[in-house]
Amino acid sequence: KRIISFRNSYGDQTEALLTELLKKGFRQVVLMGNAGGLNNVEVGKLYAPVLATDGHKTWTLPNHCRRVFPGRLVATAYSPLIETEDWLDATRGLSMVDVETVPAARALEAYPDVLLYAGLLVSDLPGVADITQKEEDSPMFIASKRRFFYEALRWWLKTPIN
């Protein structure tokens with residue numbers, strides 16, 4: 001059994017990295033990232049992305065994390081520069097925005113047998129509350145991250161490797 005962890009891959013990097021790992025035979029993927037909260041979410045809370053959209057296409061994610069954390073729709077933003085007032089108005093019905101879920105969904109699309117456990121920690125509210133107003137290593141954020149990894153490990157230990 002192998003565990004691979006990576007952090008701070010963005011957009012195409014996430015897709016390329018996951019694609020290579022999947023080609024090498026990995027079939028369990030655990031992802032944890034930060035998201036901006038757009039609608040019906042709270043800063044410091046964890047959510048499970050179950051639908052991901054880039055504005056043109058929507059992916060359904062078979063996310064095992066949804067059994068523990070509330071499922072939400074996530075959009076992608078390749079740069080904070082697009083998060084303008086017009087963009088915020090256009091995404092009003094979505095729950096969160098991040099830079100990794102849609103690229104991960106694209107990589108996973110060709111591998112329906114992959115088991116996914118993905119969570120997003122809402123760290124700010126674009127257009128409302130900037131992340132700089134909340135320390136990423138605050139006790140609230142650390143507690144949420146610990147809970148995610150505890151639940152992910154429990155899931156991983158119970159899940160047979162194919």
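Start with Phe148: with a relative accessibility of 0%, this residue counts as buried. That comes from a predicted model rather than an experiment-derived one. Phe148 has an aromatic partner, Tyr117, and Tyr117 is buried too, at a relative accessible area of 1%.

How do the two rings sit relative to each other? A pair of aromatic rings is described by the distance of the centres and the angle of the planes. For Tyr117 and Phe148, the centres are 5.6 Å apart and the planes make an angle of 50°, so the pair is classed as tilted, given that stacked means under 30 degrees and edge-to-face over 60. Tyr117 belongs to strand β6 while Phe148 belongs to helix α4, so this contact ties together parts that lie 31 residues apart in sequence. The pair is part of a bigger picture: the count of aromatic pairs comes to four, and Tyr117 and Phe148 join Phe69, Phe149 and Trp155 in one aromatic cluster.

Now for the loops. Ser138 is found in the loop that runs between β6 (115-124) and α4 (139-158). Its relative accessible area is 11%, which is under the 20% cut-off, so Ser138 is buried. In sequence Ser138 is 94 residues from Gly44, yet their C-alpha atoms are 9.4 Å apart in space.

Asn40 sits in another loop, the one between β1 (28-37) and β2 (46-53). Here the relative accessible area is 57%, over the 50% mark, so Asn40 is exposed. The backbone of Asn40 is also worth a look: phi is near 60°, a positive value in a residue other than glycine.

How values were computed: Residues are numbered from 1 along each chain as its sequence is written. This is a predicted model: local features need pLDDT of at least 70, side-chain atom pairs count only at pLDDT 80 or more; totals for chains, interfaces and linings use all residues. Side-chain values use heavy atoms; hydrogens and water are left out. Helices (H or I, at least four residues) and strands (E, at least two) are DSSP runs, numbered from the N terminus. Buried means under 20% relative accessible area, exposed over 50%, partly exposed in between (1.4 Å probe, protein chains only). Rings of Phe, Tyr and Trp (its six-membered ring) pair if their centres lie within 6.5 Å; planes under 30 degrees apart count as stacked, over 60 as edge-to-face and the rest as tilted.
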